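Trainee: I am new to this structure and would like a close look at one part of it. Please pick a single residue, start from its side chain, and then work outwards to the surroundings.

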Amino acid sequence: MFIAKKIIAICCCGVWLIAMGTTFAIAQNNETSEVSLSPLSEQAAHEKPSTMKLWKTINLDAYPGMFVCPGDLNNDGRMDFLLYREGPQTTPGYLVAVDHAGQTLWQRGDSGLKSHTPDGYAQEPALRGIALIYDIDHDGHSEVITEFWENDNPMFYILDGATGVTEKSRPSPLDLQVRSGRRTRCSPIGRIAFLDGKNPGIVLKYDASKRVPCYGVAMDAELNTLWELHANPHAMGHVPTVADVDGDGREEVLFGTLLADDNGKILWEKPVEKHADFTAIADVTDTPGKELFITICGTGPAYCMSLQGEIIWEKTRKEVPHGQAIWVGNFLENHSGLEAVILYSGHTGDFMTVDAATGKELARFHHYTVQERAYPDFPCPVNWMGTQVQSLWIPVDRSVVDGQGHVLASLGENEDLVRTILHWGNTKQCPAVQAFALDVCGDEREELILYQPYAGQGILIFTQPDGNLREKPYCHGKAAYNIRTYF
């Protein structure tokens with residue numbers, strides 16, 4: 001009834017007309033020139049975006065303003081969701097598990113916690129903490145892996161995904177000594193990593209925007225500590241990346257500007273003035289091993305590094321004054337090889353697309369909303385057009401774009417429905433429409449699971465306009481359990 005009423009209300013309002021002018025640049029004769037696009041209504045028909053099709057709405061009126069993690073909690077082959085609010089010391093303080101229809105499976109913690117506890121001395125909005133879904137013991141049943149605030153201390157838990165019952169627990173390695181000191185914009189993050197090449201382990205990192213020493217730790221499925229490492233306040237960034245970089249079958253961890261081997265040995269550290277906002281790993285050259293991509297907060301620049309820690313290419317501080325994020329994929333179909341899209345202007349929406357192997361600039365584009373300097377975090381790569389080509393969901397524009405900034409798909413007549421349920425904003429305190437990209441229905445392309453972690457009252461899943469809406473058995477991939485966002 002909730003869904004039907006909302007959709008009818010939108011249909012009665014007619015079609016929303018949205019001005020979507022944008023600017024991008026295309027490399028021609030080794031030079032980059034700005035090209036101004038007219039509003040989409042004046043473009044050729046083939047350039048007009050398609051309208052995303054609403055596949056499913058999960059009503060979360062009872063649990064507004066919570067972080068969202070996807071996964072199959074009750075092992076029925078369908079996607080469920082773990083919801084949580086951040087409590088004291090950036091640990092989750094309230095957990096709720098809901099199934100694919102939004103029905104509550106279990107809850108744990110302080111239900112009186114009505115909003116995320118602000119972070120640090122500056123009372124910044126809380127970032128996504130440690131809470132994820134994974135079958136960590138390989139018994140065929142999902143677990144919830146999380147920190148939790150209990151008796152004035154952070155605890156670490158493995159919970160049964162279907163019931164929330166404790167399976168294992170220990171004091172969190174990220175204890176109050178690790179979390180102490182002058183901090184803000186803290187981002188403790190957990191990652192699943194196959195450090196021995198066979199069995200899943202848990203890697204945690206703690207950093208606080210350069211204000212406290214960084215700390216990393218690895219645990220096995222029994223929560224035994226495998227290794228720990230300490231690093232200077234610049235070394236660990238907000239969003240680390242896990243991958244087998246050297247091809248030995250075991251996964252390494254790019255914490256920020258520091259690469260750690262599977263045994264916790266620091267392979268190299270790139271000296272920088274500020275922390276890395278984002279990292280990525282991809283194989284883009286013919287040399288052995290994969291390449292590592294790093295964007296630096298506040299001052300820039302952006303780097304492509306070799307396995308050995310050598311700079312392959314660099315975008316200067318002038319080119320990348322605040323490297324907020326970088327994504328590597330096939331974002332331009334007519335360009336051979338892979339590209340890297342860099343969000344180079346920090347918390348505003350200016351993007352640069354470069355050849356991932358050489359760093360040669362190919363295009364620039366900008367978010368097109370009327371808010372001139374809106375807060376764009378956090379774009380999400382998605383296989384929207386097909387499995388061999390990537391696009392980007394731009395949250396503040398609520399659109400899917402290619403590597404030149406062309407709008408491929410937008411909410412269209414669903415705009416007001418999404419606004420009503422997600423209550424999006426364009427500031428750090430109330431960010432735009434966040435998304436996960438997962439293949440959950442229809443063909444092999446990915447759907448966009450939309451949410452808003454501070455004010456949202458639901459989850460909306462959109463597919464392509466020509467999708468057949470057939471639900472698939474849920475497959476829990478790395479994009480779901482190693483989430484690439486801090487919202």
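Mentor: Start with H275, whose side chain makes a polar contact of 3.3 Å with the side chain of D277. Keep in mind throughout that this is a predicted model. A second polar contact, of 3.1 Å, joins the side chain of H275 to that of H238.

H275 sits in a loop, the one that runs between β20 (266–269) and β21 (276–282). Is this residue buried or exposed? Its relative accessible area is 4%, and buried means under 20%, so H275 counts as buried.

The neighbours of H275 come from several parts of the chain. Leaving out residues up to four places away in sequence, H275 touches S209, K210, H234, M236, H238, T295, I296 and C297. H234, one of these, is 41 residues away from H275 in sequence, yet the two C-alpha atoms are 4.6 Å apart in space. The whole protein can be described in similar terms: of its contacts with a separation of 6 or more, 54% are between residues 24 or more positions apart.

Some overall figures help to place this residue. The protein has 487 residues, of which 60% are buried. Its secondary structure consists of 4 helices and 35 strands.

From the loop of H275, go on to the open spaces in the model. The largest pocket has a volume of about 1,000 Å³. Its lining takes in 43 residues, and those closest to the centre are P381, E446, K478, A479 and R484. β21, the strand after the loop of H275, is among the elements that supply two or more residues to this lining; the others are β17 (236–243), β25, β29, β33 (434–438) and α4 (478–481). By class, the lining divides into 28 nonpolar, 9 polar and 6 charged residues.

Two of those strands can be followed a little further. β29 covers residues 380–386 and includes N383. N383 is also buried, because its relative accessible area of 15% falls under the 20% limit. The side chain of N383 makes a polar contact of 2.8 Å with the side chain of Q390. Beyond its neighbours within four places in sequence, N383 is in contact with V389, Q390, R445, E446 and Q464. E446 therefore appears twice in this account, here as a contact of N383 and above as one of the residues closest to the centre of the largest pocket.

The other strand is β25, residues 325–329, with 4 of its 5 residues buried. β25 pairs with β26 (residues 339–343) in the antiparallel sense, over 5 bridges. One of the bridge partnerships sets G329 against E339 in β26.

Next come the enclosed spaces. How many cavities of 30 Å³ or more are there? The count is 5. The largest cavity has a volume of about 90 Å³. It is lined by R128, G129, I130, A131, L132, I189, G190, R191, Y481, I483 and T485. By class, these are 6 nonpolar, 3 polar and 2 charged residues.

β9 (131–134) and β13 each give at least two residues to this lining, and β13 has the largest share, with 3. β13 spans residues 189–193, and 5 of its 5 residues are buried. Both of its faces are covered, with I189, R191 and A193 on one side and G190 and I192 on the other. β13 pairs with β14 (residues 201–206) in the antiparallel sense, again over 5 bridges. In that pairing, I189 stands opposite K205 of β14.

The second largest cavity has a volume of about 70 Å³. Its lining consists of W55, K56, I58, R78, M79, F81, H100, V440, I461, E471, K472 and Y474. The most, 3 residues, comes from strand β4 (residues 53–59). By class, the lining has 7 nonpolar, 1 polar and 4 charged residues.

To return to the starting point, H275 is a buried residue in the loop between β20 and β21, and its side chain makes polar contacts with the side chains of H238 and D277.

Definitions and conventions. Residues are numbered from 1 along each chain as its sequence is written. This is a predicted model: local features need pLDDT of at least 70, side-chain atom pairs count only at pLDDT 80 or more; totals for chains, interfaces and linings use all residues. Side-chain values use heavy atoms; hydrogens and water are left out. Buried means under 20% relative accessible area, exposed over 50%, partly exposed in between (1.4 Å probe, protein chains only). Two strands pair if DSSP finds at least two bridges between them. Contact means heavy atoms within 4.5 Å. A polar contact is a pair of N or O atoms within 3.5 Å; within protein, one must be able to donate a hydrogen and the other to accept it, and residues adjacent in sequence count only if both atoms are side-chain atoms. On a 1 Å grid over the protein atoms alone, a cavity is a set of points where a 1.4 Å probe fits but cannot get out, and a pocket is an open set with protein on both sides within 12 Å along at least five of seven lines; lining residues have an atom within 4 Å of a point. Grid points are joined across faces, edges and corners, and a volume is the space filled by probe spheres set on the points. Ala, Val, Leu, Ile, Met, Phe, Trp, Tyr, Cys and Pro count as nonpolar, Asp, Glu, Lys and Arg as charged, and the others, Gly among them, as polar.
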